Amino acid sequence: MKIAVMGAGAVGCYYGAMLARAGHDVTLIGRPNHVEAMNRDGLLLDFGTSQEYVAVTAASDAAAIAGAELVLFCVKSTDTQSAGEQIKPFISPDTIVLSLQNGVDNAERLGAVLGQPVIPVVVYVATSMGGAGHVKHHGRGELVFGPSSQSQLVADTLRPAGIPVEISENAPGALWAKMILNCAYNALSAITQLPYGKLVEGDGVWDVMRNAVDECLAVAKADGVTVPGNVWEAIEKIAATMPAQFSSTAQDLARGKPSEIDYLNGYIVRKGRELGIPTPTNLTLFALTKLQEGKKAI
């Protein structure tokens with residue numbers, strides 16, 4: 001299958017590499033320094049215990065998406081509209097578009113820009129960029145899809161590439177479950193610049209996380225969303241399964257880049273105000289993270 005990845009950051013590069021090594025024709029759209037490295041050497045896929053270079057095509061211009069049958073949309077939530085407008089001229093009504101993004105409303109927002117349905121995807125993977133054209137995999141890799149007429153086709157394409165896929169009838173709940181996980185970890189990891197394993201060793205950290213999660217669940221309930229599974233149990237497991245992982249928000253702040261906090265704890269704060277649900281812990285985490293934005297990279 002001809003596949004394009006819009007937003008060749010850590011998540012986009014990981015899934016692009018997995019699909020390319022399985023034989024698919026993959027084009028990654030990213031920043032010039034990454035594009036140059038990938039076109040020169042290939043994409044370095046680093047599992048920690050092993051490394052391999054994967055042949056991909058890379059470009060900085062969204063026009064390279066033209067002809068793709070499947071698009072993995074992996075840009076930051078803050079860039080959804082602008083990146084959607086960039087790719088719109090180069091996709092057809094038959095192009096399958098997946099939103100592999102944090103937050104709960106990106107597929108809806110992207111679909112409005114493109115004028116066609118977008119499949120929401122919940123991403124559970126620990127990755128980071130180790131340099132230009134170098135993606136590091138730290139753990140996991142599962143995807144949870146919302147149902148659509150195309151979901152099964154996409155799942156059948158991704159699974160043979162070593163990408164676990166679940167199709168959930170409760171896509172909104174699955175998206176909320178992932179956002180709540182992010183609300184628990186992302187800001188704290190960013191503010192402290194600590195990986196999850198070290199973070200949870202701090203005095204009172206579990207209590208802060210529990211308060212943030214309880215607020216998120218209250219907002220979800222008021223919004224009519226059923227969050228599946230035991231959210232707190234899943235959150236506890238993250239520290240054990242991804243102890244060395246820094247949150248994407250921490251990685252953004254360390255590089256002096258804007259974060260997605262407006263679409264995580266900030267979203268909970270806004271939705272809580274709209275629904276009359278107090279969210280003091282999420283407000284504190286949001287405010288402290290926003291204060292960190294704009295500082296020089298560490």
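Helices, of at least four residues, and strands, of at least two, are DSSP runs numbered from the N terminus. The exercises below apply these terms to a predicted model.

**Exercise 1. State how many helices and strands the protein chain has, and decide whether its radius of gyration agrees with that of a compact globule.**

Solution. The secondary structure of the protein chain amounts to 12 helices and 10 strands. For the second part, begin with the length of the chain, which is 298 residues. A compact globule with 298 residues would have a radius of gyration near 19 Å. The protein chain has 18 Å, so the two values agree. The dimensions complete the picture: along its principal axes, the C-alpha trace spans about 50 × 40 × 35 Å.

**Exercise 2. Describe the burial, contacts, surface and charges of the protein chain.**

Solution. Consider burial to begin with: of the 298 residues, 55% are buried. Next, take the contacts with a separation of 6 or more; residues 24 or more positions apart account for 68% of them. The accessible surface comes to about 12600 Å², and carbon and sulfur atoms contribute 53% of it. Finally, the chain carries 23 positive and 29 negative charges, whose mean positions are 5 Å apart.

**Exercise 3. Determine which parts of the chain are tied together by the aromatic pair of Tyr185 and Tyr196, and by that of Trp206 and Trp232.**

Solution. A pair of aromatic rings is described by the distance of the centres and the angle of the planes. The whole structure holds 4 aromatic pairs. One of the pairs is formed by Tyr185 and Tyr196, with 4.6 Å centre to centre and 45° between the planes. Planes under 30 degrees apart count as stacked and those over 60 as edge-to-face, so the remaining class, tilted, applies here. Tyr185 belongs to helix 6 (residues 171-192) and Tyr196 to helix 7 (residues 196-199), so this pair ties together parts that are 11 residues apart in sequence. Tyr185 is buried, at a relative accessible area of 0%, and Tyr196 is also buried, at 6%.

The rings of Trp206 and Trp232 lie 5.8 Å apart, centre to centre, with 75° between the planes, and the pair is edge-to-face. Trp206 is part of helix 8 (residues 205-222) and Trp232 of helix 9 (residues 231-241); the pair therefore ties together parts that are 26 residues apart in sequence. Trp206 is partly exposed at 30% relative accessibility, whereas Trp232 is buried at 12%.

**Exercise 4. Locate Arg140 and Gln193, and give the phi of each.**

Solution. Arg140 is found in strand 9 (residues 134-145). Although Arg140 is not a glycine, its phi is positive, at about 60°. Its relative accessible area is 32%, and Arg140 is therefore partly exposed. Gln193, in turn, sits in the loop between helix 6 and helix 7. Its phi is near 55°, again a positive value in a residue other than glycine. At 23% relative accessibility, Gln193 counts as partly exposed.

**Exercise 5. Establish where Ser60 lies and which residues it contacts, leaving aside its neighbours within four places in sequence.**

Solution. Ser60 is placed in the loop between strand 5 (57-59) and strand 6 (70-73). With a relative accessible area of 42%, Ser60 is partly exposed. Once the neighbours within four places in sequence are left aside, Ser60 is in contact with Ile29, Gly30, Arg31, Pro32 and Val35. As for Val118, it is 58 residues from Ser60 in sequence and 23 Å from Ser60 in space, C-alpha to C-alpha.

Key. Residues are numbered from 1 along each chain as its sequence is written. This is a predicted model: local features need pLDDT of at least 70, side-chain atom pairs count only at pLDDT 80 or more; totals for chains, interfaces and linings use all residues. Side-chain values use heavy atoms; hydrogens and water are left out. The radius of gyration is taken over C-alpha atoms; the globule rule is 2.2 Å times the number of residues to the power 0.38. Buried means under 20% relative accessible area, exposed over 50%, partly exposed in between (1.4 Å probe, protein chains only). Contact means heavy atoms within 4.5 Å. Accessible areas come from the Shrake-Rupley method with a 1.4 Å probe; for residues, only the protein chains shown count as cover. Lys and Arg count as positive and Asp and Glu as negative; His and the chain ends are not counted. The place of a charge is taken as NZ of Lys, CZ of Arg, CG of Asp or CD of Glu. Rings of Phe, Tyr and Trp (its six-membered ring) pair if their centres lie within 6.5 Å; planes under 30 degrees apart count as stacked, over 60 as edge-to-face and the rest as tilted.
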